[in-house]
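Here is a walk through a protein fold, taken one piece at a time. Have a look at the model first, then read on.

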Amino acid sequence: MGEEARRQRIEEINQMRNEGIEPFPYRFDKTHWADQIKREFSYLKDSETKEDTTVRIAGRIVAMRNHGKSAFFVIRDNSDRIQAYVRLDGVGAENFEVFKKFVNIGDFVGVVGFPFKTHTGEMSVFVKEFEILSKAIRMMPEKWHGVRDKEIIYRQRYVEMLSSDDALRRFKVRSELFRLVREFLQSKDFIEVDTPMLHYLTGGASARPFRTHINVFESDMYLRIAEELFLKRYLVGGFERIFEIGKNFRNEGVSYKHHPEFTMMELYWAYADYNDIMDITEEMINYVVREITGSEKITYQGKEIDFSRPWRRVRMADFIKENLGVDILKDSDEELIAILKKNNTELEIKERGHLIEKLWDLVEHNLVNPTFVTEHPVIISPLSKVHREDSRVTERFELIISSMEMANAFSELNDPIEQYNRFLHQASLRDIGDEEAQMMDQDFIRALEYGMPPTGGLGVGWDRVIMLVTDSPSIRDIIPFPLVRPISFDEEESLSDIEDL
């Protein structure tokens, strides 16, 4: 922002203190929210006042119109915006002079007054008393537009929030979604638990981890890539229906649907299988979407998505064959490689599991409405049970919506001998340079040897669901403070002169 305007605000703060006015007081007794006043006194007629009722509101001033001996200003709080009206004979000459000299757009103020409707029908508060609660030094932005501004938004999300009702709404939706998920699962007798974020070994997903170091033990550790293996230890210990909502960290690229730090929910349901998990996933996401949007049909980036039940279910091998003409269960590695090369796909590791996953990447975009893609090959599913009717595949599904994976689930592998052999294969992949392969976790094998009941498990990437219900094109739009390329403070200041936005 302009340095001159900033210096002027700082001088105002000094003047206030010289006049005995504290620009940053400790508290204000707020009794009403903006939306509460609008609802509670909506019955008032145009030009009608409610002088026998006192309301105390507080928030940031986001607009102001001065009219000599009076002024209208708009207060924005966590709930809504509401207009306030202050005039000389309402607050007294001395206080009105303070208002004119020191109250600016961007400041937080507390107001004591009564509700009324203007002659045009706008609900307002007549100011009897006011107090400056926090003096803003930087001026609010006037507009946000263009690619350059997106970069600023991601770096200074608080500025987008303070200036955009839509941004505030997006992050309220985020909070509401997690409340609804917890409400749904608790109604099904699931218990919320927690697991460590610092691990000595990585597991539960195929991903490159972040490495850190713990000084007290003089040992390297990893940030969690998945909750799975510790949650399964809960099942060994006797829990039957559990879930966790928490952060995972994967040291991978950033795209419109990938972010190195993201929010995952995993649940485990003892004595259930992947068919039960499909049903509860469909019911849960349908419930959340309906509660948030009021409909089973939404529009995401110009395309309609229909969440009406039942959802489509397709076998992975059938869908790839239908779209690419290759059979991932029968055809040779060479035939798979030929199809990939035909589609200009580069191959880093020519191992069959990697080939299958690359082929899937070529067809995933064809799925828009919620679709369960089932029966993944054993070689790409190290934690899933072999299918009870086809030993080439597992009892696994991925949920795809709008070409994005939203969920991954299994009939969980609880045979410790088979799990050990699967981990051995993963270890061999690490030996040939696959940094995303899972590590051998002997303590987890030991836990399984004590016995884990048959279980259905699920992981949901709720960040992507929030993208859908808020119609946000990028995952960084719904993560409050996303990762950005580090630059100096001075570079960031020059990147965005917010006053000119």
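Let's start with two neighbouring strands: S17 (residues 404–411) and S18 (residues 455–461) run antiparallel and are joined by five bridges. Strands here are DSSP runs of E with at least two residues, helices are runs of H or I with at least four residues, and both are numbered from the N terminus. Two strands pair if DSSP finds at least two bridges between them. Along this pair, Ala-407 stands opposite Val-460 in S18.

A quick word on the ground rules. This is a predicted model, with residues numbered from 1 along each chain as its sequence is written. Local features need pLDDT of at least 70 and side-chain atom pairs count only at pLDDT 80 or more, while totals for chains, interfaces and linings use all residues; side-chain values use heavy atoms, with hydrogens and water left out.

Now zoom out. S17 and S18 belong to an open sheet of eight strands with mixed pairing, in the order S6-S10-S11-S18-S17-S16-S15-S14. Strands S6 (191–192) and S14 (312–315) stand at the edges with a single partner strand each, so one side of each has no neighbour in the sheet. Helix H15 (residues 462–469) lies across S11 (261–270), S16 (396–401), S17 and S18, and runs at about 140° to S17. That angle is taken between N-to-C directions, from 0 to 180 degrees, using lines fitted to C-alpha atoms (for helices, over the stretch in contact).

What sits in the largest nonpolar core? It has 47 residues, and Met-265, Leu-458 and Trp-462 have the most contacts inside it. Helix H9 (residues 274–293) gives the largest share of this core, nine residues. Apart from it lies another core of 27 residues, among them Ile-37, Val-55, Ile-82 and Phe-102. A nonpolar core is a set of buried Ala, Val, Leu, Ile, Met, Phe, Trp, Tyr and Cys residues joined through side-chain atoms within 4.5 Å. Buried means under 20% relative accessible area, exposed means over 50%, and partly exposed is in between (1.4 Å probe, protein chains only). Leu-458 touches residues including Met-265, Ile-277, Phe-397 and Ala-407, where contact means heavy atoms within 4.5 Å.

Over in another set of strands, ten bridges join S4 to S5, and these two run antiparallel. S3 (residues 81–87) runs parallel to S5, with three bridges between them. Phe-114 stands opposite Phe-126 in S5, and both are part of one aromatic cluster with Phe-72, Tyr-85 and Phe-116. The rings of Phe-116 and Phe-126 have centres 6.4 Å apart and planes at 70°, so they meet edge-to-face. Rings of Phe, Tyr and Trp (its six-membered ring) pair if their centres lie within 6.5 Å; planes under 30 degrees apart are stacked, over 60 edge-to-face, and the rest tilted. Phe-116 is buried at 9% relative accessibility, and Phe-126 is buried with 9% too.

Finally, two residues that aren't glycines have a positive phi:

| Residue | Phi | Loop | Relative accessible area |
|---|---|---|---|
| Asp-189 | about 70° | between H7 (165–187) and S6 | 57%, exposed |
| Ser-403 | about 65° | between S16 and S17 | 16%, buried |

One more backbone oddity: a cis peptide bond, with omega about 0°, joins Arg-309 and Pro-310. Pro-310 lies in the loop between S13 (303–306) and S14.

Technical notes:
Lists of a residue's contacts leave out its neighbours within four places in sequence.
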